[in-house]
Amino acid sequence: MEIMKPAIAGTLESSDCQVTVEPGDGEIDFTLKSSVMNQYGNQIRRVVMETLENLEVSNVKISIVDKGALDCTIKARVEGAIFRSVGQMEHLPWGGAIKP
Amino acid sequence: MNPNKKRLRRTMMFLNAQKPGLIKDPYIYAPDSLMLDLEDAVAENQKDAARFSLYHALKNIDYKGCERVVRINGLETPFWQEDIRCAVAGGCDAIRLPKTESAGDVKKVEDAVTAAEKEFSLPEGRVLIMAAIESARGVMRAMEICEASERLFGIALSGGDYTKDLHTHITGTGIELMGARQNMVIAARATGVQCFDTVYTDLDNMEGFRQDVETIHLMGFDGKSIVNPRQINIVHEIFTPSEKEIIFSEKVVREIDKKRAEGIGVFTVDGKMIDIAFYDGAKRTIDLAKASGVYKGDL
């Protein structure tokens with residue numbers, strides 16, 4: 001998928017995370033702010049990269065402000081931001097590119 | 001028939017599907033059912049994000065036996081079909097349709113659920129449906145709604161919208177809900193489906209809540225929609241048979257079985273006149289005690 005325009009998904013509430021995506025400069029540019037950076041920074045990065053790979057996104061600036069989100073919430077917010085950026089709200093690939 | 005159609009549903013707790021903090025561990029409060037909401041609790045511009053949150057929660061969180069019902073957006077919105085695809089793909093147990101006014105509404109949802117089960121290679125008939133009735137028209141058509149689909153396990157009154165349609169409001173006395181409650185529970189019993197009462201939103205008035213639950217329990221409802229974990233224990237306490245009721249029901253069942261073999265139709269148990277008409281009610285009490293996990297007998 002090609003990121004079409006900047007988009008945001010998620011909140012700054014506890015157990016959530018806010019994900020911002022925008023068109024990249026030919027690569028994945030990842031930034032993370034997390035209250036649990038030392039314990040879970042690598043894990044969050046792994047979940048984000050895996051989700052981007054599933055969606056075939058390789059050209060994106062993605063920044064995440066994490067407030068203690070579970071892996072499944074991180075996935076949901078990354079996907080939410082990316083599908084918003086391409087304007088797709090229906091006929092989503094549940095179980096396909098959107099992997100559990 | 002789907003074996004979950006008749007499961008125990010004393011409490012159905014509403015949760016905003018868009019809020020990770022709410023949907024990550026509600027099973028710790030042990031409601032019978034969770035109502036993961038894509039409708040009123042979710043702002044119009046967050047409907048898309050709520051679906052991703054719902055899908056991954058359904059796929060990844062172990063809700064430890066709590067039934068997972070998803071309230072979709074109404075048929076008058078552009079959201080409901082994708083809501084169903086998402087919820088069915090995620091593996092929900094049931095879909096709750098809001099603002100149901102006819103059998104046709106239920107059939108539209110049934111068709112979409114069937115199509116989604118096929119699309120996501122799930123066994124046909126796995127996902128159940130419940131219909132929320134929120135208008136005078138819906139109440140008057142409760143019977144046809146109950147009979148609209150083999151998947152439909154129950155109907156639920158939604159008091160806020162219903163009282164607006166009736167040109168009244170929630171008073172806390174229950175007077176404004178009396179006709180709808182009576183009509184719906186009769187329609188549900190006549191058609192063999194379950195019936196659930198509306199939410200009670202005054203969280204500062206737990207005594208009023210208790211009285212409300214006692215009223216609907218006596219009316220024959222199967223359970224109540226709830227909005228706060230503090231309400232769960234009160235509902236379960238009122239809907240779970242007491243030890244005295246269980247012991248009496250056991251005696252009734254045993255005595256009717258015994259007397260029937262002896263050709264006796266009417267007799268007394270603990271000083272009360274009993275005949276065959278008491279049999280089903282006593283069996284139901286024991287079944288409810290078993291489902292509630294409080295039965296220790298051998299019937």
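Buried area is the accessible area, taken with a 1.4 Å probe, that two parts lose on being put together, summed over both. With that in hand, here are some close-up views of this predicted model.

**Figure 1. The interface between chain B and chain A buries about 2,000 Å².** Carbon and sulfur atoms give 60% of this area. The contact draws on 23 residues from chain B and 23 residues from chain A. If you would like a place to start looking, try B:P20, B:F52 and B:H56: together they supply 32% of the area that chain B buries against chain A, more than any other three residues.

**Figure 2. Salt bridges and polar contacts link chain B with chain A.** The count of salt bridges between the two chains is two. One of them pairs A:R84 with B:D48, and their closest N and O atoms are 2.6 Å apart. Across the same interface of chain B and chain A there are 12 residue pairs in polar contact, with both residues at pLDDT 80 or more.

**Figure 3. Three helices of chain B each give two or more residues to the side that touches chain A.** They are helix 1 (20-23), helix 2 (47-60) and helix 3 (80-90) of chain B. Helix 2 of chain B gives the most, with nine residues. By class, this side of chain B has nine nonpolar, seven polar and seven charged residues.

**Figure 4. A cavity of about 70 Å³ is lined by residues of chain A and chain B.** A search of the whole structure finds one cavity of 30 Å³ or more. From chain A, the lining takes A:S15, A:L70, A:C72 and A:T73. From chain B come B:P20, B:I23, B:K24, B:S53, B:H56, B:A57 and B:I61. You may recognise B:P20 and B:H56 in this lining, as both belong to the trio picked out for the area that chain B buries against chain A. Two or more residues each are given by helix 2 (71-85) of chain A and by helix 1 and helix 2 of chain B. Helix 2 of chain B gives the most to the lining of this cavity, with three residues. The lining divides into six nonpolar, four polar and one charged.

**Figure 5. The largest pocket has a volume of about 1,100 Å³.** Of the 35 residues that line this pocket, the closest to its centre are B:H217, B:G281, B:R284, B:T285 and B:L288. Helix 8 (178-191), helix 10 (232-239), helix 11 (243-262) and helix 12 (279-291) of chain B are the elements that give two or more residues to the lining. Helix 12 of chain B gives the most, with seven residues. For anyone thinking about the chemistry of the walls, the lining has 13 nonpolar, nine polar and 13 charged residues.

**Figure 6. The second largest pocket has a volume of about 570 Å³.** Its lining is made up of 33 residues, and those nearest its centre are B:G160, B:T198, B:V199, B:Y200 and B:T201. Strand 1 (11-16) and helix 7 (159-165) of chain B are the elements that give two or more residues to this lining. The largest share, four residues, comes from helix 7 of chain B. By class, the residues lining the second largest pocket divide into 10 nonpolar, 12 polar and 11 charged.

Terms used: Residues are numbered from 1 along each chain as its sequence is written. Chains are lettered from A and ligands numbered from 1 in the order in which they are written. This is a predicted model: local features need pLDDT of at least 70, side-chain atom pairs count only at pLDDT 80 or more; totals for chains, interfaces and linings use all residues. Side-chain values use heavy atoms; hydrogens and water are left out. Contact means heavy atoms within 4.5 Å. A salt bridge is a side-chain nitrogen of Lys or Arg within 4 Å of a carboxyl oxygen of Asp or Glu. A polar contact is a pair of N or O atoms within 3.5 Å; within protein, one must be able to donate a hydrogen and the other to accept it, and residues adjacent in sequence count only if both atoms are side-chain atoms. Ala, Val, Leu, Ile, Met, Phe, Trp, Tyr, Cys and Pro count as nonpolar, Asp, Glu, Lys and Arg as charged, and the others, Gly among them, as polar. On a 1 Å grid over the protein atoms alone, a cavity is a set of points where a 1.4 Å probe fits but cannot get out, and a pocket is an open set with protein on both sides within 12 Å along at least five of seven lines; lining residues have an atom within 4 Å of a point. Grid points are joined across faces, edges and corners, and a volume is the space filled by probe spheres set on the points.
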